[in-house]
Amino acid sequence: MNLIDKITAKQIRNDMPEFRVGYTVKVNVKIVEGKRERIQAFEGIVMAIQGSGVSRTFTVRKLSNGIGVERTFPINSPVIDSIEVVRTGRVRQAKLGYIRTMAKKPKIKERRAKETK
């Protein structure tokens, strides 16, 4: 193991649940406003997961009043309080760019318990 791997191994969070592209997740984000700190939930479909190690990120998309909102989160960021898997979806693509062009919420089939691995 080289020096960079040793340093980054300490920064990787192990308290995050396992999730894939197509899952609906609720990401609780810490927001600092002045001296106060609060937690804001962002719930949507995981569109993409990129990178590896410390620089791993995932993109979540939701519809807010008919407008699509996307947000990219670093998985190992201290800004993320917790991630909760709301629904497990089954998709056949690694990146769900096609849901940007959909006017309505996409219909994604539920992943059965046997398929999770």
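A residue counts as buried here when its relative accessible area is under 20%, and in this predicted model F58 has a relative accessible area of 0%, so F58 is buried. That residue is a convenient place from which to walk through the structure, since several of the features described below involve it or the strand that carries it.

F58 lies in strand β3, which spans residues 57–64 and pairs in the antiparallel sense with strand β4, residues 67–74, over eight bridges. Within this pairing, the bridge partner that R61 finds in β4 is E70. The two strands form a hairpin with two residues between them, and in that hairpin N65 adopts a positive phi near 55°.

The aromatic side chains come next. A search of the whole structure finds three aromatic pairs. In one of them, the rings of F19 and F58 have their centres 5.0 Å apart and their planes at 70°, and because planes over 60 degrees apart count as edge-to-face, the pair is assigned to that class. F19 sits in the loop between α1 (3–11) and β1, whereas F58 belongs to strand β3, so this pair ties together parts of the chain that are 39 residues apart in sequence. F19 is buried, as is F58.

F58 also pairs with F73, with ring centres 5.5 Å apart and planes at 35°, so this pair is classed as tilted. Here the two residues come from strands β3 and β4 respectively, so the pair ties together parts that are 15 residues apart in sequence. F73 has a relative accessibility of 4%, and therefore counts as buried. Taken together, F19, F42, F58 and F73 form one aromatic cluster. A charged side chain is also placed against a member of this cluster, for R71 lies over the face of F42, at 6.0 Å from the ring centre.

A polar residue in another strand completes the tour. N28 is found in strand β1, which covers residues 24–33, and with a relative accessible area of 15% N28 is buried, because that value falls under the 20% cut-off. What joins the side chain of N28 to that of S82? The link between the side chains of N28 and S82 is a polar contact of 2.9 Å. When neighbours within four places in sequence are left aside, the residues in contact with N28 are I39, Q40 and A41, together with V79, I80, D81 and S82; S82 thus appears both in this list and as the partner in the polar contact.

Conventions: Residues are numbered from 1 along each chain as its sequence is written. This is a predicted model: local features need pLDDT of at least 70, side-chain atom pairs count only at pLDDT 80 or more; totals for chains, interfaces and linings use all residues. Side-chain values use heavy atoms; hydrogens and water are left out. Two strands pair if DSSP finds at least two bridges between them. Helices (H or I, at least four residues) and strands (E, at least two) are DSSP runs, numbered from the N terminus. Buried means under 20% relative accessible area, exposed over 50%, partly exposed in between (1.4 Å probe, protein chains only). A polar contact is a pair of N or O atoms within 3.5 Å; within protein, one must be able to donate a hydrogen and the other to accept it, and residues adjacent in sequence count only if both atoms are side-chain atoms. Contact means heavy atoms within 4.5 Å. Rings of Phe, Tyr and Trp (its six-membered ring) pair if their centres lie within 6.5 Å; planes under 30 degrees apart count as stacked, over 60 as edge-to-face and the rest as tilted. A charge sits over a ring if NZ of Lys or CZ of Arg is within 6 Å of the ring centre and within 35 degrees of the ring normal.
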